[in-house]
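Hi,

Here is the structure I promised to pass on to you. Have a look at it first, and then read on for what I found in it.

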Amino acid sequence: EVGTERQNDSTAQDVISNVLSKMGEIEPIQFLLVSDRDDYLGAARDQGMFTVRVKPKNKRRGLTTNYNVDDVGSVQEVINDINGVSFNSALKAR
């Protein structure tokens, strides 16, 4: 089991590095990785990306991420927070 976990971490790091290398001039801080897997969240965090854990109910917390949400539908709130958009200011603009 330990070997599999280490292999998953290495695979996640390879995937994240590959994506970043193909994106050219885009800085890692401009990415938002959303996942429920610690290996991908850790690899993205280590590369400097924003990270969001989708945490199903009754699951332990895991490693530290920038944000935690209960479901994928809540990711929009995270995007708004990163972009500095508040719900109240969006309503006032209407």
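How many bridges join E1 to strand E2, and which way do the two run? Four bridges join E1 to E2, residues 50–54, and the two strands run parallel. Before I go further, please keep in mind that this is a predicted model.

**The sheet**

E1 and E2 belong to an open sheet of three strands, ordered E1-E2-E3, and the pairing is parallel. At the edges sit E1 (32–35) and E3 (67–69), each of which pairs on one side only. On average, neighbouring strands of the sheet are turned by 20° against each other, ignoring direction.

Some residue pairs will help you find your way between the strands. Starting from E1, Val 34 stands opposite Val 52 in E2, and Ser 35 stands opposite Arg 53 in E2. On the E3 side, Val 52 has Tyr 67 as its bridge partner. E2 and E3 are joined by three bridges and also run parallel. As a general reminder, strands of a sheet pair through backbone hydrogen bonds, in either a parallel or an antiparallel way.

**The helix over the sheet**

What does H2 lie across? H2 lies across E1 and E2, and runs at about 165° to E2. E2 itself is mostly covered, with four of its five residues buried. Following the chain, you go from E1 through H2 to E2, and this β-α-β crossover is right-handed.

**The cores**

Nonpolar side chains tend to be buried together in soluble globular proteins, and here is how that part looks in the model. The largest nonpolar core has 10 residues: Ala 12, Ile 16, Leu 20, Phe 31, Leu 33, Tyr 40, Leu 41, Ala 43, Ala 44 and Met 49. Helix H1 (2–22) and helix H2 (38–47) each supply at least two residues of this core. H2 gives the largest share, four residues.

Apart from this core lies another one, of five residues, including Val 54, Val 69, Val 75 and Val 78.

Phe 31, a member of the largest core, is a good residue to click on. Leaving aside residues up to four places away in sequence, Phe 31 touches Val 19, Leu 20, Met 23, Ile 26, Met 49 and Phe 50. Of these contacts, Leu 20 and Met 49 are listed in the largest core too.

Happy to talk it over whenever suits you.

Best wishes

Note on methods
Residues are numbered from 1 along each chain as its sequence is written. This is a predicted model: local features need pLDDT of at least 70, side-chain atom pairs count only at pLDDT 80 or more; totals for chains, interfaces and linings use all residues. Side-chain values use heavy atoms; hydrogens and water are left out. A nonpolar core is a set of buried Ala, Val, Leu, Ile, Met, Phe, Trp, Tyr and Cys residues joined through side-chain atoms within 4.5 Å. Buried means under 20% relative accessible area, exposed over 50%, partly exposed in between (1.4 Å probe, protein chains only). Contact means heavy atoms within 4.5 Å. Two strands pair if DSSP finds at least two bridges between them. Axes are lines fitted to C-alpha atoms, for helices over the stretch in contact, and angles run from 0 to 180 degrees between N-to-C directions. A crossover is right-handed if, with the strands pointing away from the viewer, the path from the first strand over the helix to the second runs clockwise.
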